Amino acid sequence: MNRSTLAATGLAVAAAAGTGSIASSNAIPRWYSRLRKPSYQPPRAAFPTVWTTLYADIAGTAAVAIDRFRAAGQHDKARTYTVALAVNLLLNAGWSWLFFGYHKLGASAVGAAALTASSADLVRRTAQATPRGGLALLPYPLWCGFATILSTHIWRLNR
């Protein structure tokens, strides 16, 4: 794996994670704690653990996929992959702002669904470059799908 590609994907993922965490840092103790949540809500400690693992996975698999496309002379696929990754990371950070920053529960449920679709597309694109990478990235849309269900349920409970 090319270190500069990994540095670029790592920086992009860290920017998305940092941007999203700014939205949630102040809201969790106050606003979020007062929301009604479903019984299957994971414990609070699960979220940073899962997201840290997923973010590392995204950065690593994306770097490998981009490098594989470039090495195969598929520069157009490397570019479209990079755009898909950027859109995905914007949706990822945007969800935190919709939910925690602006308290838009319905919009955040829609945003989570868009993130899930984008994450599934990223898995598909990754698998084109590296089937093992696609498999390694599969937990990402699965978690986002769970987050969509959870976000939608929280919205319904708090209308």
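This report looks at the two largest pockets of a predicted model.

Residues are numbered from 1 along each chain as its sequence is written. Because the model is predicted, local features need pLDDT of at least 70 and side-chain atom pairs count only at pLDDT 80 or more, while totals for chains, interfaces and linings use all residues; side-chain values use heavy atoms, without hydrogens or water.

A pocket here is an open set of points on a 1 Å grid over the protein atoms alone, where a 1.4 Å probe fits, with protein on both sides within 12 Å along at least five of seven lines; its lining residues have an atom within 4 Å of a point. Its volume is the space filled by probe spheres set on the points, which are joined across faces, edges and corners.

| Pocket | Volume | Lining |
|---|---|---|
| Largest | about 770 Å³ | 31 residues |
| Second largest | about 240 Å³ | 15 residues |

Let's start with the largest pocket, which has a volume of about 770 Å³. Closest to its centre are Ser24, Phe47, Trp51, Trp95 and Phe100. Helices (DSSP runs of H or I, at least four residues, numbered from the N terminus) help describe the walls. The largest share of this lining, six residues, comes from α7, and the helices supply at least two residues each from α1 (3-25), α2 (28-34), α3 (46-71), α4 (75-101), α5 (105-129) and α7 (139-157).

Now the second largest pocket, with about 240 Å³ of space. Ala8, Ala12, Leu85, Ala86 and Leu89 are the closest to its centre. Here α1 gives the largest share, seven residues, and α1, α3 and α4 each supply at least two.
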